[in-house]
Amino acid sequence: MAKALHDGPSVQGPAARCGDRAAKMSTSAAAAAGAATDSKTFEVIARAGFAMNGLLRVLIGATSIRVASGHSGRPSQASVMTDIANLPEGFIVLWAAFLAFAALGVWQALEVVFGHRYRTTRHRVVQKGGSIRLTVIYVALAVATAMFALGVSDSSRSRAKKSDLSLELMQTLQGRLILAAVVAVIFRFGVFFVVKGIRRGHRKNLYTIDGGFGRTAVVLGAIGYIAKGAIVCFAGVLVAYSALAFVPRKAEGIGAVFQTMRQQQFGPELLNAAGVGLIIYGLFLACRAKIGTMANDY
């Protein structure tokens, strides 16, 4: 009888059927994600996100150099987007940037959910963590770009909110501890970028490092990452100083970084160096748009 029961038709309970449906849905979702990332059009648009981000860095760097030579301006992402929005056809550029940033954000989100399946647990956690960070960055860029395209963003109001938030955090011990944690995170990223540039760790983000174009991308990335890391570390110093000296405006972002550089004894030299470094980093991102990996290992 036991054998007869074993050999008879299997009867699945509700839990088993639900598990099967969930597995099928997961497989279907993974297949859909794979189909999306196999789309050449989607990949081209997502790759344009690297180029658009590079363009922003180039424009911020160029503004920094202009400020160093005595011209007015504020080297920041918000100011650059405001300048683009004020151009006759600037809204077209902003909407194109929004589409590219959104596509790259979606791509990275797919990597978080479905990617890196065939790596070890440690590498999978690291890779998914990187994809989460990039998802947040590019979605935030897409939202900011859309706001400027719609004309609903106010950079001065945004800076005021940052100062108010910093001031509120400075009032309490818990707030100062939060600022200390923020400083630690900023420094960690700054040092990471510097080390990545020195060790040329960005080579793994490129399909090829051979030929004139590949070697140029490696050199641009090395210089660009070191410059980016130095600026990020300088931002960490300013946040720490703002907390210790009770000066909230020093924690207003990259604009405050360049403004503080300008006030130093060798201000013009610092601004020129930072500007050139950002331009080089932006050019590297443009190279990455063409020969960069998209981390697709479904």
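Colleague: What makes isoleucine 231 count as buried in this predicted model?

Modeller: Its relative accessible area is 8%, and a residue is called buried under 20%. Isoleucine 231 therefore falls in the buried class. The residue is found in helix α9. Its C-alpha atom is separated by 10.0 Å from that of phenylalanine 193, a residue 38 positions apart from isoleucine 231 along the chain.

Colleague: How do you know that leucine 110 is in the buried class?

Modeller: Leucine 110, in helix α5, has a relative accessibility of 16%. The limit is again 20%, so leucine 110 counts as buried. Between the C-alpha atoms of leucine 110 and threonine 135, which are 25 residues apart along the chain, the separation is 9.2 Å.

Colleague: What is the make-up of the protein chain in terms of helices, strands and buried residues?

Modeller: The chain has 11 helices and zero strands. Of its 298 residues, 39% are buried.

Colleague: Which residues have the most contacts inside the largest nonpolar core, and how many residues does that core have?

Modeller: The core has 35 residues, and Phe101, Tyr138 and Phe258 have the most contacts inside it. The elements that give two or more residues to this core are α3, α4, α5, α6, α9, α10 and α11. Helix α5 gives the most, with eight residues. As general background, nonpolar side chains in soluble globular proteins tend to be buried together.

Colleague: Why is the pair of phenylalanine 50 and tyrosine 138 called edge-to-face?

Modeller: Two values decide the matter: a distance and an angle. The ring centres lie 6.2 Å apart, and a pair requires centres within 6.5 Å. The planes stand at 90 degrees, while edge-to-face begins over 60 degrees. The pair is therefore edge-to-face.

Colleague: What parts of the chain does this pair tie together, and are the two residues buried or exposed?

Modeller: Phenylalanine 50 lies in helix α3 and tyrosine 138 in helix α6, so the pair ties together parts that are 88 residues apart in sequence. Both phenylalanine 50 and tyrosine 138 are buried. The search of the whole structure finds 10 aromatic pairs.

Colleague: Which residues do ring pairs link into a cluster?

Modeller: The cluster consists of Phe189, Phe192, Phe193, Tyr225, Tyr281 and Phe284. Two of these rings also take part in contacts with charged side chains. Lysine 228 lies over the face of phenylalanine 193, at 4.1 Å from the ring centre. The charged end of arginine 188 sits over the ring of phenylalanine 189, 6.0 Å from its centre.

Colleague: What makes the contact between arginine 47 and glutamate 43 a salt bridge?

Modeller: The distance from N to O is 2.9 Å. A side-chain nitrogen of Arg must be within 4 Å of a carboxyl oxygen of Glu, so the contact qualifies as a salt bridge. The search of the whole structure finds one salt bridge. The two residues are four positions apart in helix α3, which means that about one helical turn separates them.

Colleague: Why are arginine 47 and glutamate 43 each placed in the buried class?

Modeller: Arginine 47 has 10% relative accessibility and glutamate 43 has 17%. Buried means under 20%, so both charged residues belong to that class.

Colleague: What makes valine 143 partly exposed?

Modeller: Its relative accessibility is 46%. Buried ends at 20% and exposed begins over 50%, so valine 143 lies in between and counts as partly exposed. Valine 143 is in helix α6.

Colleague: To which surface patch does valine 143 contribute?

Modeller: Valine 143 belongs to a nonpolar patch of about 720 Å², together with Phe91, Ile92, Trp95, Val139, Met147, Leu150 and Val152. The elements giving two or more residues to the patch are α5 and α6, and α6 supplies the largest share, four residues.

Colleague: What is notable about the phi of arginine 200, and where does the residue lie?

Modeller: The phi angle is near 55 degrees, a positive value in a residue other than glycine. Most residues other than glycine have a negative phi. Arginine 200 lies in the loop between α8 and α9. Its relative accessible area of 40% falls between the limits of 20% and 50%, so arginine 200 is partly exposed.

Methods: Residues are numbered from 1 along each chain as its sequence is written. This is a predicted model: local features need pLDDT of at least 70, side-chain atom pairs count only at pLDDT 80 or more; totals for chains, interfaces and linings use all residues. Side-chain values use heavy atoms; hydrogens and water are left out. Patches are made of residues with over 30% relative accessible area and no salt bridge: like charges are joined within 9 Å, nonpolar side chains (Val, Leu, Ile, Met, Phe, Trp, Tyr) within 5 Å. Accessible areas come from the Shrake-Rupley method with a 1.4 Å probe; for residues, only the protein chains shown count as cover. Buried means under 20% relative accessible area, exposed over 50%, partly exposed in between (1.4 Å probe, protein chains only). Rings of Phe, Tyr and Trp (its six-membered ring) pair if their centres lie within 6.5 Å; planes under 30 degrees apart count as stacked, over 60 as edge-to-face and the rest as tilted. A charge sits over a ring if NZ of Lys or CZ of Arg is within 6 Å of the ring centre and within 35 degrees of the ring normal. A nonpolar core is a set of buried Ala, Val, Leu, Ile, Met, Phe, Trp, Tyr and Cys residues joined through side-chain atoms within 4.5 Å.
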